[in-house]
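Let's take a walk through this model together, one piece at a time. Keep the structure open beside you and follow along.

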Amino acid sequence: MSLFEKFSQARALEQALMEMPINPTGTIISEVVSASEAIIGGQLKIMAGTNNYLGLTFDADCVAAGQQALLEAGTGTTGSRMANGTYQQHLDLETEIAEFFDFSHGMVFSTGYSANIGMLTALLNTEDSVLIDSEGHASLFDGCRMSGAKIYRFKHNDPEGLRKRLSRLGEAGKDALIVVEGLYSVRGDCAPLKEYVDVKNEFGSYLMVDEAHSLGLYGENGRGLAEDQGVSDEVDFVVGTFSKSLGSIGGFCVSNHPELSLIRYASRPYIFTASPSPSVIATTRQALKKIKNCPELREIVWSNAQLLHSGLSQLGFQIGADVSPVIGIPFEDREVALTYWQNLFNKGVYTNLILPPAAPDGGSLIRCSVTAAHSKEQIRVILDAFDAIKNG
Amino acid sequence: MTHAKIVTRLIELLESLVASVENFDQETALVGDAGLESIQVIEYLCEVEDDFDIVIDEEALSYVNTVGDLAETILKINLGKSS
């Protein structure tokens with residue numbers, strides 16, 4: 001068998017996508033105009049398929065902080081912290097991210113993906129059991145698999161299913177790690193974290209929550225869904241990314257377990273990846289300040305989310321009950337989803353097309369997201385586009 | 001519980017997910033023959049776990065293709081529980 005024969009399925013998918021006027025998985029953004037608009041295929045598009053929830057990518061203070069760091073500390077660190085040294089700014093960011101979440105310890109990774117892989121492979125080994133929501137992000141599954149731990153899935157957002165499985169595990173359940181997300185990134189539904197905490201406490205297990213998509217959006221201080229549900233103190237490990245609400249790149253873990261510092265000696269993605277560059281650290285730190293000091297950004301994004309959610313509901317789309325800045329619109333037929341995506345694009349609206357097997361229910365989805373940078377007029381244009389395709 | 005009885009019960013549990021289980025037997029592949037979608041596989045396996053009061057880890061599932069394979073896995077788990 002040739003080395004590349006295994007790609008026959010991928011080749012067929014690529015060919016089908018290439019036959020479309022524009023390949024939805026290979027969108028080339030030729031110019032980023034603002035936090036909510038870009039030029040794609042020579043035309044201005046409203047970006048309704050980003051994770052730029054607070055619209056901070058063009059924030060003047062964040063941009064200035066990045067520029068200053070470039071001038072002062074250069075373009076990159078050129079190596080890992082273990083081998084090539086830690087910049088003071090890395091430590092400052094770790095202190096600030098821990099303080100932001102009101103946790104004792106913080107650790108920064110170069111991406112959100114490597115944070116999840118790095119934490120899970122370090123925390124777990126073949127002796128351990130991990131129970132994971134069946135719709136968890138690929139990085140969470142990859143980390144669990146790479147750790148060699150015994151992996152048990154439970155149904156999406158099903159604390160009772162989790163409880164049953166922990167019960168059956170007996171002694172192994174006591175030290176098991178439970179892995180869930182806050183806001184799920186495709187359908188835009190939220191985890192019942194309070195119920196998960198009750199289960200965790202019943203068995204004495206550990207709980208990791210990935211707040212990648214909920215950071216900056218939920219909770220009085222924007223700390224995420226655990227804060228929103230009043231269970232921050234009960235979460236053992238919060239992981240997340242700087243690449244969504246914070247408009248930067250990088251990942252983190254915060255915890256009250258002092259052993260977090262030992263993860264640095266056991267986490268290969270931490271040890272062997274070049275550390276975040278100075279400008280990335282600077283923009284992230286500045287964006288964290290924005291979350292703390294500008295709660296009005298949350299008010300705007302929630303207002304926009306409500307507007308889009310109610311508009312799509314009124315149009316008759318079968319969307320989830322949870323109002324959030326992420327709305328997944330399911331389509332049973334892949335071709336219908338493709339056509340919708342293409343027509344939205346032609347009407348100046350860029351969304352995300354999620355095809356099997358990436359869609360959580362095996363069907364196809366159009367993922368639509370709103371940000372604090374969207375104007376009410378832009379939300380109206382998005383809704384008008386959906387309306388015209390559905391009823392036109 | 002014997003392998004054959006487990007197979008019978010596993011096919012019964014498939015009834016709620018597929019149009020007909022009339023020709024299903026231990027050779028029936030869960031995805032290819034039964035036609036389960038990925039989400040249905042997870043639903044089905046959760047139902048199987050609840051019905052047999054067991055948990056099946058992902059590595060054990062990686063060897064499961066047919067109803068008979070799944071029955072074999074359950075048999076091994078039950079043997080492990082009783083030993």
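Start inside chain A, at A:Phe252, which sits in strand β10 (residues 251-255) of that chain. Bear in mind as you look that this is a predicted model. Is A:Phe252 buried or exposed? Count the C-beta atoms around it: 26 others fall within 10 Å, and the cut-off for burial is 20 or more, so A:Phe252 is buried. Who supplies that company? Setting aside neighbours within four places in sequence, A:Phe252 is in contact with A:Ile97, A:Gly106, A:Met107, A:Val108, A:Phe109, A:Ala115, A:Val239 and A:Gly240. Another residue to look up is A:Met119, which is 133 residues away along the chain, yet the two C-alpha atoms are separated by 9.3 Å.

Stay in chain A and move to strand β11 (residues 326-331). It is mostly covered, with five of its six residues buried. Its partner is strand β14 (residues 364-369) of chain A, and the two pair in the antiparallel sense over six bridges. To get the register, find A:Val326 and look across to A:Ser369 in β14(A), which stands opposite.

Now for helix α7 of chain A. Its buried residues are A:Pro159, A:Gly161, A:Leu162, A:Arg165, A:Leu166 and A:Leu169. They span an arc of only 155° around the axis, which means they lie on the same side of α7(A). And what covers them? From chain A the list includes β5 (129-133), β6, α8 (171-174), β7 (177-181) and α9 (193-203), and chain B joins in with α2 (38-52). Just after the helix comes A:Gly170, whose phi is positive, near 65°.

That helix from chain B brings us to the place where the chains meet. The contact takes 16 residues from chain A and twelve residues from chain B. On the chain A side, the elements giving two or more residues are β6 (150-154) and the α7 (159-169) we just visited. What is the mix of residues on that side of chain A? It divides into six nonpolar, three polar and seven charged. As for confidence in the assembly, the predictor gives the complex an ipTM of 0.91 and a pTM of 0.94.

Cross over to chain B. You'll find four helices there and zero strands, so to speak an α-α-α-α run from the N terminus on. Its C-alpha atoms fill a box of roughly 40 × 25 × 20 Å along the principal axes. For 83 residues, a compact globule would have a radius of gyration near 12 Å, and chain B agrees because its own value is 12 Å. Of those 83 residues, 24% count as buried. Take the contacts in chain B with a separation of 6 or more: residues 24 or more positions apart account for 55% of them. The mean pLDDT of chain B is 89, and 98% of its residues reach 70 or more.

For a last stop, pick out B:Leu75 in helix α4 (residues 67-82) of chain B. How does B:Leu75 count, with 14 C-beta neighbours inside 10 Å? Burial takes 20 or more and exposure 12 or fewer, so B:Leu75 is partly exposed. Beyond its neighbours within four places in sequence, B:Leu75 is in contact with B:His3 and B:Ile6. B:Met1 is 74 residues from B:Leu75 in sequence, but 7.8 Å away in space, C-alpha to C-alpha.

Note on methods: Residues numbered from 1 in each chain as written. Chains lettered and ligands numbered in written order. Predicted model: local features only at pLDDT ≥ 70, side-chain atom pairs only at ≥ 80, totals over all residues. Contact = placed C-beta atoms within 7 Å. Nonpolar A, V, L, I, M, F, W, Y, C, P; charged D, E, K, R; others polar. Rg over C-alpha atoms; globule rule 2.2 N^0.38 Å. Arc of directions from axis to C-beta. Pairing = 2+ DSSP bridges. pLDDT = per-residue confidence, 0-100.
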